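Biologist: I have a structure open here and would like to talk through some of its packing and its open space. Could you take me through it?

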Amino acid sequence: MSTTGATADPLATLGALPGVADSVESVRKAVDRVYGHRIMRRRSNQITSEAALRGARGSAALSGADWALEELRRRSDFGGDDEARTVGAALRLTAEAGQLLSVWRQSPLRVLARLHLVAAAEQSDMVGRPRQGGEPVDEPFVDLPLPTAAEAHARLEGLADLVVAGSSAPALVIAAVVHGELMTLRPFTSHNGLVARAAERVVLVGSGLDPKSVCPAEVGHAEPGREGYLKALRGYVSGTPEGMAEWIAHCGRAVGLGARESTAVCEALQRGAA
């Protein structure tokens, strides 16, 4: 998105787009239902752990490793083939995101660099920093125009400035923009999708919308399949008000589906305790 213009808070402008207020309200109701469940009062840590696992599974699926949930529970070695490494990266990012909440508002670029370092889990001078001119981007499942390294750097700095400055926009809007911008820019040489979805989680949790991290948006992003996810993302890339609004609505549906997933987990636990 453009970070220039007459308004001092462009994120708030996005919040005023047609339909966005409805998405924000729908998400709030879905989140409130989870947090109001009686099981959350007694076993919230268990719900958080289960949400983390399901979120990691959804994010990995969008990056080409669509594993069954039970396979994630069973496996302990994620260093084998490409799919196993993708799942391992998603699991590590989900665990790491919660450790970076206090840093995000002061230094989002530092958080993004850390997330890439955790995802890549390798020693390379291309890890933990934005890509430079001429460096390739390994993101085979994202068929979107790739900005130049110079453009990616400039827009990444602009995004960081917006985060540090703060915004009156709803948390859903901020999270959608962070996610969409990172997917558009693909600022790292690899693992951009996983990093973008982890950054969205950081915003949703750190903003207080989902403080216990029990509404895994990654589940909802994966629900319509990769093509459905990319179709919504193309709306963001278009930069049109309609496209931006559709992307924010998609992210709202994703959080709502994540909330529904955890509500179902609460219900299952309640039946088991009865």
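Modeller: Before we name any partners, contact here means heavy atoms within 4.5 Å, and please keep in mind that this is a predicted model.

Biologist: Fine, so which residues of helix 9 meet helix 10?

Modeller: From helix 9 they are Ala171, Ile174, Ala175, Val178, His179, Leu182 and Met183, and on the side of helix 10 they meet Asn192, Gly193, Ala196, Arg197, Ala199, Glu200, Val203 and Leu204. By character, the residues of this contact divide into ten nonpolar, three polar and two charged.

Biologist: And at what angle do helix 9 and helix 10 pack?

Modeller: Helix 9, residues 171–185, and helix 10, residues 192–206, pack at an angle of about 165 degrees, and their axes are 8 Å apart. Angles over 145 degrees count as roughly antiparallel, and helix 9 and helix 10 are therefore roughly antiparallel to each other.

Biologist: Left-handed or right-handed crossing?

Modeller: The crossing in which helix 9 passes helix 10 is right-handed.

Biologist: Switching topic, how much space lies in the largest pocket?

Modeller: The largest pocket holds about 710 Å³ of space, and its lining is made up of 35 residues, with Asp82, Thr86, Asp138, Ser190 and His191 lying nearest its centre.

Biologist: Which helices supply that lining?

Modeller: At least two residues each come from helix 5 (82–97), helix 7 (108–120), helix 10 and helix 12 (225–238), and helix 5 gives the largest share, six residues.

Biologist: How do the lining residues divide by character?

Modeller: The lining of the largest pocket divides into 17 nonpolar, nine polar and nine charged residues.

Conventions. Residues are numbered from 1 along each chain as its sequence is written. This is a predicted model: local features need pLDDT of at least 70, side-chain atom pairs count only at pLDDT 80 or more; totals for chains, interfaces and linings use all residues. Side-chain values use heavy atoms; hydrogens and water are left out. Axes are lines fitted to C-alpha atoms, for helices over the stretch in contact, and angles run from 0 to 180 degrees between N-to-C directions. Helices (H or I, at least four residues) and strands (E, at least two) are DSSP runs, numbered from the N terminus. Angles under 35 degrees count as roughly parallel, over 145 as roughly antiparallel, 65 to 115 as roughly perpendicular and the rest as oblique. A crossing is left-handed if the near helix is turned anticlockwise from the far one by less than a right angle, and right-handed if clockwise. Ala, Val, Leu, Ile, Met, Phe, Trp, Tyr, Cys and Pro count as nonpolar, Asp, Glu, Lys and Arg as charged, and the others, Gly among them, as polar. On a 1 Å grid over the protein atoms alone, a cavity is a set of points where a 1.4 Å probe fits but cannot get out, and a pocket is an open set with protein on both sides within 12 Å along at least five of seven lines; lining residues have an atom within 4 Å of a point. Grid points are joined across faces, edges and corners, and a volume is the space filled by probe spheres set on the points.
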